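This report describes the two chains shown below, beginning with domains and moving on to the sheet, the overall dimensions, the contact between chains and some local backbone features.

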Amino acid sequence: MSHRPLRIGHLFPDLLNLYADRGNILTLTQRLQWRGHDVIVDEITHADTPRFGAYDLVLLGGGSDREQMLVAGYLANHRTELRHAVEDGLPLLAICGGYQLLGAYYQVPSGEKIPGLELIDMVTNYSAGQPRLIGNVAILTEEAGVVMGFENHGGRTIHQGSPLGKVIHGHGNDGVSGLEGIRYRNVWGTYIHGPLLPKNPRLADAILRTMLQYAGIDDTLDPLDDRMEEEARRSFVKLRMPEVEAALG
Amino acid sequence: MLAIWVGKLVAWLLRLRGHDATSFPGKIALRFSPNLLRRFGRQLERVIIVTGTNGKTTTTSLLAAMISQQENIITNHKGANLIQGIVSACLRESSWTGRIRAKTAVLEVDEATFPLIADSLPIVVIVVTNVFRDQLDRYGELDTTVEKLFSAIRKTQACLVLNGDDPLCRHLGLRASRKTFYYGMDRATAKVSARKQMRDGQFCLQCGHELSYEGFWYGQLGLYRCPACDFVRPHPEFLGTYRGHTLTLAEDLVPELELTLPVQGLYNAYNVLAAASAARVLGLWADPIHAGLASYSPPAGRMQSFDVGAPVTLNLIKNPTGCDSVIETVTSDPRRKWVVIGINDLAADGRDVSWLWDADFEQLAEDEHVERIITSGLRAHDMALRLKYAGIDTNKIGVIEQMDDAMDKAVAEAAAAQAAVYVLSTYTLLHPAVHTLSEKVRNDESQTLAYRTSVS
């Protein structure tokens, strides 16, 4: 394809890299390259100034509480710019700690509040004594059918927006609402890693389609040979979450 | 008393039937007497604890081999490092009345288990090998692991033997405020790494600034310094110089020791350095250290070799950093090779398999001598998918869920092609694999013998 290379901004890969976000980047870049698109991944560390106008997609991953606190500090100066970019339709994928950062704050067990980016009306609380929500997870989404993976978070996230999906197996946002993640404009926020995208190719392609549209590139994405992905999904569900099998269709 | 009888009886029955008795007897005995470990602990004079993410098993075995040159000791084998494994080790060395036939114990302890046992035993020395990313779903996150270690250390009076090249160990040492000995490699041997790898402790735990490195050994182990505060790699009391097959141990005013490495690879050189440093702290002189190294045979699944028609090398993989060094060993072998990768997701393996995506399987894609990769285990399909996205030709990838069948196929194909086989597997697949491969070696030997007898 003869258009400019697509540009993915990976925010703080040096800090937020706890749950194999490399797998998400790899999935996005491979699935673009297999369809003939050039793609560049910009790793934005704390020493760089993020230019949110220059990216076609931004990825914000997960880290430990300490690292998340550092990121919150670095991003505080760029909050307004990122908010404008998101309102203009910048695609943003935020996972685990990155998901929590989208809201107003994340209160850790010590009572301390890690300030968020305030992109979305959302808060996260992790009270002392509460168990972490850990385990395999599967949700039913409108845009990509069953999305599956692993979750591991102490924080309980509460928002009134549209969730990414409804929990079929696992805990989701807070362990009680039956909802998981958030969808807002072109933002995807979720606790699901594993990593998220390799075993959820429909979601990966939905994100890529949004990204191409945002970049002004006309491509609806031809299907790829996803037999290995399908096989991995089916065997995982059969082994660990048999009640999800029916939803796979 | 009942608990000891039951435990010993269970161990005896298990061994009679050819089963592994490294954990289960302790588990049963603890059900009868939850306080059993404390009772054993009261009879011991000194306990040396080895903990950390990678290298616990090897370091423990090496140190145990050195100390046992001089006295009878208790040690837990085969990585049985939870409470039940430690109790099983004590049961093995105790009489039917519960008397222990040793005064010293060298114990490998899992980081999460350590705080639970720390005040039950007379711990005099604690060795921390390193703190890497390992089994996050069990511990929460890396910071939690550091906190667990710290809370355990605080319950003891022990002095510390720490890996000074690891910033997370250095952080533990600074916070523990007690006698601490650091070991580390000679700074001239550090390298500037070209390949991007996961570095877990790359931010200063004192002030949060990014650490700057003059050089690396592997993972986050290197010559680190915080540009914003005074956090810096300490000058090691025990200095190692690694030269492939030997490790020179230098120590202030003491003649240097030239140690022969019983196991290969830089990460094993670190294990030898850790064990020899701890031995020195415990007052051992050169002879038992040399003799211990010479008598050491690698534990199951650490670069263990089997000749079963094709040469097979078996290795444990359990986290990105350890896995990367194993993959490096595979790709540095110039022979043509078949690779079997077995991935399970049971509790002891870690239920979250996302770490596979942090490990550098791309190295296998760059090695043209890798002919075929068979993935196996409960999460065989996840592993296959990882390889596809690593850029490995999907025609080279096969899935055979049963590990024995996967190894059979790899060995048969490699034997026909006169190639080598590497088997990489997570914890719960490892011991069955050792068992199967050992059985094969025995069968081959008896067949060869039968053949020879018939022609003579």
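In this predicted model, the centres of domain 1 and domain 2 of chain B, taken over C-alpha atoms, are separated by 28 Å. The domain assignment places residues 2-295 of chain B in domain 1 and residues 303-452 in domain 2.

**The nine-stranded sheet of chain B**

Chain B contains an open sheet of nine strands with mixed pairing, in the order β2-β3-β1-β4-β5-β6-β9-β10-β11. The edges are occupied by β2 (73-75) and β11 (254-260) of chain B; each has a single partner strand, so one side of each is left without a neighbour in the sheet. On average, and with direction ignored, neighbouring strands of this sheet are turned by 15 degrees against each other.

Strands of a sheet pair through backbone hydrogen bonds, in either the parallel or the antiparallel sense. The strand pairs of chain B described here are listed in the table.

| Strand pair (chain B) | Sense | Bridges | One opposed residue pair |
|---|---|---|---|
| β1 (46-51) and β4 (123-128) | parallel | five | B:Val47 and B:Ile123 |
| β9 (238-242) and β10 (246-251) | antiparallel | five | B:Phe238 and B:Glu251 |
| β10 and β11 | antiparallel | five | B:Thr246 and B:Thr260 |

The two antiparallel pairs in the table are also hairpins. Three residues lie between β9(B) and β10(B), and in this hairpin B:Gly244 takes a positive phi near 80 degrees. The hairpin of β10(B) and β11(B) has two residues between its strands, and B:Leu253 in the turn has a positive phi of about 65 degrees.

A helix also lies across part of the sheet. Helix α9 of chain B, residues 167-176, crosses β4, β5 (159-163) and β6 (180-185) of chain B. The helix α9(B) runs at about 155 degrees to β5(B).

**Overall dimensions of the two chains**

Chain B comprises 16 helices and 17 strands. Its radius of gyration is 22 Å, close to the 23 Å that the globule rule gives for 456 residues, so chain B is as compact as a globular protein of that length. The C-alpha trace of chain B spans about 60 × 60 × 45 Å along its principal axes. Of its 456 residues, 51% count as buried. Among the contacts in chain B with a separation of 6 or more, 72% are between residues 24 or more positions apart.

Chain A has seven helices and 14 strands. For chain A the radius of gyration is 17 Å, close to the 18 Å given by the globule rule for 249 residues, so this chain is as compact as a globular protein of that length. Its C-alpha trace spans about 50 × 45 × 30 Å along the principal axes. Buried residues account for 52% of the 249 residues in chain A. Of the contacts in chain A between residues at least 6 apart in sequence, 69% join residues at least 24 apart.

**Contact between the chains**

How many residues of each chain are in contact with the other chain? On chain A, 32 residues are in contact with 24 residues of chain B. The elements that give two or more residues to the chain A side are α1 (21-33), α2 (65-75), β9 (145-153) and α6 (227-240) of chain A. Of these, α6(A) gives the most, with seven residues. The residues on this side of chain A divide into 13 nonpolar, ten polar and nine charged.

**Local backbone features**

Most residues other than glycine have a negative phi, and most peptide bonds are trans. Several positions in the model depart from this pattern.

The peptide bond joining A:Gly194 and A:Pro195 is cis, with omega about -15 degrees. A:Pro195 is located in the loop between β14 (187-190) and α5 (201-215) of chain A.

Is A:Cys96 buried or exposed? A:Cys96 has a positive phi, near 55 degrees, and lies in the loop between β4 (92-95) and α4 (97-101) of chain A. It counts as buried because it has 26 C-beta neighbours inside 10 Å, and the cut-off for burial is 20 or more.

B:Gln418 likewise has a positive phi near 55 degrees, and its place is in the loop between α15 (403-416) and β17 (420-425) of chain B. B:Gln418 is exposed, because 10 other C-beta atoms lie within 10 Å and a residue with 12 or fewer is counted as exposed.

Definitions and conventions:
Residues numbered from 1 in each chain as written. Chains lettered and ligands numbered in written order. Predicted model: local features only at pLDDT ≥ 70, side-chain atom pairs only at ≥ 80, totals over all residues. Domains from an automatic or database assignment. Contact = placed C-beta atoms within 7 Å. Helix = DSSP H or I, 4+ residues; strand = E, 2+ residues; numbered from the N terminus. Nonpolar A, V, L, I, M, F, W, Y, C, P; charged D, E, K, R; others polar. Pairing = 2+ DSSP bridges. Axes fitted to C-alpha atoms, helices over the stretch in contact; angles between N-to-C directions. Rg over C-alpha atoms; globule rule 2.2 N^0.38 Å.
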